[in-house]
Amino acid sequence: MLHISNLSHRYPHAHVDQLNSLSFRIEAGEHAVLLGSSGSGKSTLLHLIAAILKPQNGSILVAGRDVSTLLPADADRWRGTTVGFMPQKLALVAALNVEENILLAAYASNREQSHARAQHLLDALGLSEKKRAKPHELSQGQRQRVALARALFNRPQLLLADEPTANLDDDSCRAAIDLLLAQANEIGASLVIATHDSRVLAALPLAKTLRLPVHKQQGGGV
Ligand SMILES: Nc1ncnc2c1ncn2[C@@H]1O[C@H](COP(=O)(O)OP(=O)(O)OP(=O)(O)O)[C@@H](O)[C@H]1O
């Protein structure tokens with residue numbers, strides 16, 4: 001399902017590779033946890049998998065397609081139908097209410113019956129009563145559920161979640177992981193979670209793990 005080979009990435013003007021000759025694979029419906037301390041490149045890797053960034057070297061096959069070679073417009077179309085991405089900063093639109101934020105995913109796929117799908121997710125994630133609320137009127141856990149609903153909207157084959165438990169207490173952390181797993185399993189999605197929260201690993205004992213090293217600049221200078 002996801003087959004990464006010999007992947008390297010360096011941001012413009014950086015002096016070291018953020019990712020260096022990385023290889024990793026997961027099969028359809030499998031779960032993986034990306035580990036590594038702050039700055040090790042977990043978010044970078046998720047952005048590469050989602051074809052938001054392009055790597056300098058290597059390939060990223062998603063369901064047999066090398067997404068690292070997609071042109072930007074094709075990458076946007078492909079991402080809209082294949083990937084559900086729950087970014088670290090959630091990226092909810094402040095001026096839109098909960099339902100409208102979820103329906104943003106419909107524009108990427110020209111989905112019919114969008115409102116029915118949104119209502120199903122609102123019910124499944126316990127957000128129905130907050131349907132007309134704006135993001136600033138929600139708790140952090142509720143905002144995360146809106147971002148999850150939007151990521152799930154198109155029933156993606158691949159679900160990517162960046163630090164989904166950041167700032168959550170133990171009970172909310174467990175609830176967020178259970179929800180992510182249940183929803184991924186319901187649509188048969190492969191799931192990749194980037195985190196430095198050891199509670200996530202403890203909650204997912206069967207997940208594959210990939211620990212990213214930090215690539216430090218040699219010589220100590222900036
Ligand atoms: N747009 C960018 N331009 C240049 N360097 C960047 C950019 N984004 C991230 N970096 C650098 O790439 C490295 C990896 O960053 P990344 O955000 O992928 O790490 P992370 O493991 O997700 O960190 P955290 O756990 O703190 O979220 C860091 O050294 C960071 O400073």
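A residue counts as buried under 20% relative accessible area, as exposed over 50%, and as partly exposed in between (1.4 Å probe, protein chains only). The model is predicted: local features need pLDDT of at least 70, side-chain atom pairs count only at pLDDT 80 or more, and totals for chains, interfaces and linings use all residues. Residues are numbered from 1 along each chain as its sequence is written, and side-chain values use heavy atoms, with hydrogens and water left out.

**Exercise 1.** Determine whether asparagine 57 is buried, partly exposed or exposed, and describe its surroundings.

*Solution.* Step one: asparagine 57 belongs to strand 4 (residues 57-62); strands (E, at least two residues) and helices (H or I, at least four) are DSSP runs, numbered from the N terminus. Step two: the relative accessible area of asparagine 57 is 46%, so this residue is partly exposed. Step three: leaving aside residues up to four places away in sequence, asparagine 57 touches Asn6, Leu7 and Ser8, where contact means heavy atoms within 4.5 Å.

**Exercise 2.** Establish which strands stand at the edges of the open sheet.

*Solution.* Step one: the sheet has four strands in the order 2-1-4-5, with antiparallel pairing; two strands pair if DSSP finds at least two bridges between them. Step two: strand 2 (19-26) and strand 5 (65-66) each have a single partner strand, so they are the edges, and one side of each has no neighbour in the sheet. Step three: strand 5 pairs with strand 4 over two bridges, in the antiparallel sense, and leucine 61 is opposite aspartate 66 of strand 5.

**Exercise 3.** Identify the buried residues of helix 4 and the elements against which they pack.

*Solution.* Step one: in helix 4 (residues 114-124), the buried residues are Ser114, Arg117, Ala118, Leu121 and Leu122. Step two: these residues lie on the same side of helix 4, because they cover an arc of only 140 degrees around the axis, taken from the directions from the helix axis to the C-beta atoms. Step three: they pack against helix 3 (98-107), helix 5 (140-152) and helix 6 (170-187).

**Exercise 4.** Describe how helix 3 and helix 5 pack.

*Solution.* Step one: the angle between helix 3 and helix 5 is about 30 degrees, and their axes are 7 Å apart. Step two: helix 3 is therefore roughly parallel to helix 5, a term for angles under 35 degrees. Step three: Val98, Asn101, Ile102, Leu104 and Ala105 of helix 3 meet Val146, Ala149 and Arg150 of helix 5.

How values were computed. Axes are lines fitted to C-alpha atoms, for helices over the stretch in contact, and angles run from 0 to 180 degrees between N-to-C directions. Angles under 35 degrees count as roughly parallel, over 145 as roughly antiparallel, 65 to 115 as roughly perpendicular and the rest as oblique.
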